[in-house]
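Hi everyone, thanks for making time. I'd like to take you through one protein model today, and I'll build the talk around a single residue and then work outwards.

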Amino acid sequence: MALTLYVDTARWRAHQQSVLQQFPGMVPVCKGNGYGFGHERLAEEATLLGSDILAVGTTYEAARIKDFFSGDLLVLTPFRHGEEPVPLPDRAIRSVSSVEGVGGLVGARVVIEVMSSMKRHGVRPEDLPKLAASIEDVRLEGFAIHLPLDRADGSDAVEEVIGWMDQLRAARLPLHTMFVSHLKAQELARLQQQFPQTRFRARIGTLLWLGDHEATEYRGSVLDVTRVAKGERFGYRQQKAASDGYLVVVAGGTSHGVGLESPKALHGVMPRAKGVARAGLATVNRNLAPYVWAGKQRWFAEPPHMQVSILFVPGDAPEPQVGEELVAHLRHTTTQFDRLVDR
């Protein structure tokens with residue numbers, strides 16, 4: 001009895017190939033929890049794609065994944081002076097986002113991140129004169145720019161990259177490779193056409209692994225079903241049942257990421273109204289669960305436990321049976337499954 005991630009493997013891999021065709025020279029990204037699949041599995045998939053490089057989030061992830069992937073490992077988190085040293089092979093490439101960072105990696109393979117409109121980290125235009133002198137002490141693999149997902153001001157992502165390309169060229173910095181994030185295929189093609197001497201490599205994670213929503217599905221096994229009458233007490237907090245129905249114990253709890261949700265940026269009146277409504281229901285202990293039964297998303301009977309959740313199914317719905325599986329709408333990047341099944 002488990003929380004299971006089912007993968008339509010043929011469909012999933014067909015989607016990966018379609019992304020690769022759109023983005024030649026793509027750099028697969030495997031960070032965090034491996035986008036819900038785990039580092040080992042994504043390292044295997046990157047190898048099957050024929051990738052020569054795999055991007056990871058941190059040095060700790062690089063240390064774990066190095067035994068599963070034989071190509072280069074690009075660490076996306078920038079180097080910082082004073083960080084804990086983590087033994088890595090020479091095929092590891094460090095990101096740096098400052099002139100000082102470059103100076104701390106003498107002899108290392110590095111990718112230099114430039115400051116984009118994200119304003120997260122990166123070297124700035126005024127840093128370029130100093131940068132030109134410091135790169136002589138490192139093995140420069142290229143520059144990188146991490147772009148925002150949305151552009152509320154109507155600005156052009158390609159123009160932002162071109163602006164940086166022009167500044168790097170004016171500073172006489174080598175432009176053999178540019179790593180980019182969050183560009184569309186046609187935008188990448190525009191850049192490649194304008195700068196034929198530069199190899200543009202798109203770092204892609206979400207689109208590659210999670211772009212086909214129909215290729216994967218989470219399901220939680222029903223472990224127990226108990227009838228309750230209206231007013232009957234149950235659970236850790238001994239709440240009263242609001243009506244006759246069933247308490248359904250299903251695999252998947254907080255240790256799996258069930259009930260945990262990342263904050264979302266809401267755009268428009270309707271999504272904001274729904275967010276306010278959900279918050280209001282939560283104040284009276286009404287929280288919608290990710291599990292679906294009989295065509296409807298069901299409510300948590302109480303907050304999820306560590307490894308299971310208890311749902312309330314009203315008496316007018318079919319009674320779930322032990323051993324059945326309930327579809328669960330879970331976010332891959334915050335979910336840890338018990339088992340993965342290829343089918």
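I'll start with the whole chain, then go to my chosen residue, and end with the place where two domains meet.

One thing up front: what you see is a predicted model. The chain has 343 residues, and 47% of them count as buried. Its C-alpha trace spans about 75 × 45 × 40 Å along the principal axes. If you go through the secondary structure, you'll find 9 helices and 18 strands. And here's a number I like: take the contacts with a separation of 6 or more, and 66% of them are between residues 24 or more positions apart.

The domain assignment splits the chain into domain 1, residues 8-211, and domain 2, residues 216-342. The centres of domain 1 and domain 2, taken over C-alpha atoms, are 38 Å apart.

Okay, now my residue, Phe-37. Where does Phe-37 sit? Look at the loop that runs between β2 (27-28) and α2 (39-48). So is Phe-37 buried or exposed? Its relative accessibility is 3%, and since buried means under 20%, Phe-37 counts as buried.

Who are its partners? Leaving out residues up to four places away in sequence, Phe-37 touches a list that includes Leu-5, Val-7, Trp-12, Trp-209, Phe-337 and Leu-340. Take Leu-5 from that list: Leu-5 and Phe-37 are 32 residues apart along the chain, and their C-alpha atoms are separated by 8.4 Å.

Let's zoom out a little. The largest nonpolar core has 89 residues, and Phe-37 is among the members that touch the most other members, along with Ile-112, Leu-131, Phe-143, Phe-200, Trp-209 and Tyr-291. Helix α6, residues 157-170, gives this core its largest share, 7 residues. Both domains take part too, with at least three residues coming from each of domain 1 and domain 2. There's also a second, separate core of 8 residues, including Val-228 and Ile-310.

Trp-209 came up twice there, so let's give Trp-209 a moment. Apart from its neighbours within four places in sequence, the contacts of Trp-209 include Trp-12, Pro-28, Tyr-35, Phe-37 and Leu-42.

Leu-42 takes us to helix α2, where the buried residues are His-39, Arg-41, Leu-42, Ala-43, Glu-45 and Ala-46. What do the buried residues of α2 pack against? Among the elements are α1 (9-22), β3 (53-56), α8 (206-210) and β18 (339-342). After α2 comes Gly-50, with a positive phi near 80°.

Last stop, the meeting point of the two domains. Here 8 residues of domain 1 are in contact with 10 residues of domain 2. The area buried between them is about 760 Å², with carbon and sulfur atoms giving 51% of it. On the domain 1 side, which residues lose the most area to domain 2? They're Asn-33, Gly-36 and our Phe-37, together making up 47% of what that side buries.

There's some polar chemistry as well: 6 residue pairs are in polar contact across this interface, and the count of salt bridges there is 1. While we're on salt bridges, have a look at Arg-41 and Asp-342, whose side chains meet in one at 2.8 Å, N to O.

So if you take one residue home, make it Phe-37: buried, and part of that largest core. Thanks, and over to you!

Technical notes. Residues numbered from 1 in each chain as written. Predicted model: local features only at pLDDT ≥ 70, side-chain atom pairs only at ≥ 80, totals over all residues. Heavy atoms only, no water. Helix = DSSP H or I, 4+ residues; strand = E, 2+ residues; numbered from the N terminus. Buried < 20%, exposed > 50% of the residue type's maximum accessible area, 1.4 Å probe, protein only. Contact = heavy atoms within 4.5 Å. Core = buried A, V, L, I, M, F, W, Y, C linked by side-chain atoms within 4.5 Å. Domains from an automatic or database assignment. Buried area = accessible area lost by both parts, 1.4 Å probe. Salt bridge = Lys/Arg side-chain N within 4 Å of Asp/Glu carboxyl O. Polar contact = N/O pair within 3.5 Å; in protein donor to acceptor, adjacent residues only side chain to side chain.
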